[in-house]
Amino acid sequence: MRFNDRLRNIRQDRDLTQDKVSKALNIRRNTLSGYETTHRTPSIYITIEIARYFDVSVDYLLGLTDIETPFPK
């Protein structure tokens, strides 16, 4: 599964709007929409913030694993 699909699925599974997530990440809603439609690619820093916000691993977001749980610090 690709990043954009994972991001959209996680957001929708948690019943969150693009507006709410974009405000929490301090980005514009159309930027988040671009990530979900592959029109934009997030920086590594935003990718990390997205993973932290949803409490999933970056590897999961990138489709490298199907295990959502982030590694312990």
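Trainee: By class, how many residues in the lining of the largest pocket are nonpolar?
Mentor: Keep in mind that this is a predicted model. Three lining residues are charged and one is polar. The nonpolar count is six.

Trainee: Which helix gives the largest share of that pocket's lining?
Mentor: Start with the lining residues, which include Ile 48, Ala 51 and Arg 52. Ile 48 sits in the helix that runs over residues 44–54. Three lining residues come from one helix, the largest share, and that helix is α4.

Trainee: What is the volume of the largest pocket?
Mentor: A probe the size of a water molecule, rolled over the atoms, shows where empty space is left. Here Pro 70, Phe 71 and Lys 73 are among the residues that line the pocket. The volume comes out at about 240 Å³.

Trainee: Is Ile 48 buried, partly exposed or exposed?
Mentor: Its relative accessible area is 31%. Buried needs under 20%, and exposed needs over 50%. The value falls in between, so Ile 48 is partly exposed.

Trainee: Which residues make a nonpolar surface patch of about 330 Å²?
Mentor: Look along α4, where Ile 48 has its place. Ile 48 also lines the largest pocket. For the patch, the residues are Ile 44, Tyr 45 and Ile 48.

Trainee: Is Tyr 35 buried or exposed?
Mentor: Tyr 35 belongs to helix α3, residues 29–37. Its relative accessible area is 6%. The cut-off for buried is under 20%, so Tyr 35 is buried.

Trainee: How far apart in space are Tyr 35 and Phe 3, C-alpha to C-alpha?
Mentor: In sequence, 32 residues separate Tyr 35 from Phe 3. In space, their C-alpha atoms are apart by 8.2 Å.

Trainee: How far apart in space are Thr 69 and Asp 59, C-alpha to C-alpha?
Mentor: Thr 69 is in the segment after α5. Thr 69 is exposed, at 56% relative accessibility. In sequence, Thr 69 and Asp 59 are 10 residues apart. Their C-alpha distance is 9.6 Å.

Trainee: How many salt bridges does a search of the whole structure find?
Mentor: Side chains of opposite charge can pair when their charged atoms come close. Glu 68 and Arg 14 are one such pair here. Over the whole structure, the number of salt bridges is seven.

Trainee: Which residues are linked with Arg 2 in a network of salt bridges?
Mentor: Arg 2 meets Asp 5 at 3.9 Å, N to O. Arg 2 is exposed at 52%, while Asp 5 is partly exposed at 24%. The residues linked with Arg 2 in the network are Asp 5 and Arg 8.

Trainee: How many residues apart in sequence are the parts tied together by Glu 68 and Arg 14?
Mentor: The closest N and O atoms of this salt bridge are 3.6 Å apart. Glu 68 lies in the segment after α5, and Arg 14 lies in the loop between α1 and α2. So the pair ties together parts whose separation in sequence, in residues, is 54.

Trainee: In which helix do Lys 23 and Asp 19 both lie?
Mentor: Their side chains form a salt bridge at 3.3 Å, N to O. Lys 23 is exposed at 60%, and Asp 19 is partly exposed at 36%. The two residues are four apart, about one turn of their helix, which is α2.

Trainee: What is the phi of Asp 15?
Mentor: Most residues other than glycine have a negative phi. Asp 15 is not a glycine, yet its phi is positive. Asp 15 is in the loop between α1 and α2, and its relative accessibility of 72% counts as exposed. Its phi is about 55°.

Trainee: In which loop does Thr 38 lie?
Mentor: Thr 38 also has a positive phi, near 70°. Its relative accessible area is 46%, which makes Thr 38 partly exposed. The loop is the one between α3 and α4.

Note on methods. Residues numbered from 1 in each chain as written. Predicted model: local features only at pLDDT ≥ 70, side-chain atom pairs only at ≥ 80, totals over all residues. Heavy atoms only, no water. Patch = residues over 30% accessible without salt bridge, like charges linked within 9 Å, V, L, I, M, F, W, Y side chains within 5 Å. Areas by Shrake-Rupley, 256 points an atom, 1.4 Å probe, with all protein chains shown as cover. Salt bridge = Lys/Arg side-chain N within 4 Å of Asp/Glu carboxyl O. Buried < 20%, exposed > 50% of the residue type's maximum accessible area, 1.4 Å probe, protein only. 1 Å grid on protein atoms, 1.4 Å probe; cavity = no way out; pocket = protein on both sides within 12 Å on 5 of 7 lines; lining within 4 Å. Points joined across faces, edges and corners; volume = space filled by probe spheres on them. Nonpolar A, V, L, I, M, F, W, Y, C, P; charged D, E, K, R; others polar.
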